[in-house]
Amino acid sequence: MTLDEAAALLAQLSGEEVRPYATRDFGRDENPAARSVVVSLEDSFAILGQLRPKLGPGVLAFVGCTRSLAEEADKEASELVVALGDNQFDILRIAATDAVNFDMTTDDLVKKLQEYDAKYGIDIFHAETDTIQFRFEQLPEDMPAFCEDLYEFCPDIVDQGVGTVEELRQVIVESSVVYLWWD
């Protein structure tokens, strides 16, 4: 499947006009190597679930920017992105995700997520400037140890989020989803 074919499928499923780019840097920079539509956040996850099974190898789809700082942006909207890539870790490269306030580059984040993927199997489905979401294929057997490691990797999910590592564990066990962000 080509990028244009994936973009046509994205347009068909979303009912929206495809933009010839996806955004980075909180919606302020355009990446012409990807295509995107703007839909509600709720719709973006639903459409993603319909879109991914229809894409061929080498085509990635993910929820992109959900908090655009671009002047013309709809603050309630979300970006749904298609792009060519070798594997799910290219999603972070396409979105230019980093943790600059914690001195971590995109490649640093990729390396850590590759570790998690090798151990548990993960599915990255959302990436933007400083945010990543992934779903586990298999929950870690030692959840307390995993959550301590996750807290070390991304302290904001506890310090500005759920409040304790134990609460983090409960959220992950209930949802099988990890929501990372670095302020």
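**Two helices and the cysteines**

Guide: Helix 1 and helix 2 are oblique to each other, in a model that is predicted.

Visitor: At roughly what angle do the axes of helix 1 and helix 2 cross?

Guide: Two packed helices are described by the angle between their axes and by the distance between those axes. Here helix 1 covers residues 3-14 and helix 2 covers residues 41-51, and their axes come within 10 Å of each other. Angles over 145 degrees would count as roughly antiparallel and those from 65 to 115 as roughly perpendicular, and the pair is called oblique because the axes cross at roughly 130°.

Visitor: Which residues of helix 2 are met by residues of helix 1?

Guide: Helix 1 passes helix 2 in a right-handed crossing. From helix 1, the residues taking part in the contact are Leu-9, Leu-10, Leu-13 and Ser-14, and those they meet in helix 2 are Ile-47, Gln-50 and Leu-51.

Visitor: How many disulfides does a search of the whole structure find?

Guide: A disulfide needs two cysteine sulfur atoms within 2.5 Å. The sulfur of Cys-65 is too far for a bond, because the closest cysteine sulfur, in Cys-154, is 18 Å away. Cys-154 is in no disulfide either, as the nearest cysteine sulfur to its own, that of Cys-147, lies 12 Å away. For the whole structure, the number of disulfides found is zero.

Visitor: Is Cys-154 buried or exposed?

Guide: A residue counts as buried when its relative accessible area is under 20%. Cys-65 meets this cut-off with 7% relative accessibility, and Cys-154, with a relative accessible area of 0%, is likewise buried.

Definitions and conventions:
Residues numbered from 1 in each chain as written. Predicted model: local features only at pLDDT ≥ 70, side-chain atom pairs only at ≥ 80, totals over all residues. Heavy atoms only, no water. Buried < 20%, exposed > 50% of the residue type's maximum accessible area, 1.4 Å probe, protein only. Axes fitted to C-alpha atoms, helices over the stretch in contact; angles between N-to-C directions. Helix = DSSP H or I, 4+ residues; strand = E, 2+ residues; numbered from the N terminus. Parallel < 35°, antiparallel > 145°, perpendicular 65-115°, else oblique. Left-handed = near helix turned anticlockwise from the far one by under 90°. Contact = heavy atoms within 4.5 Å.
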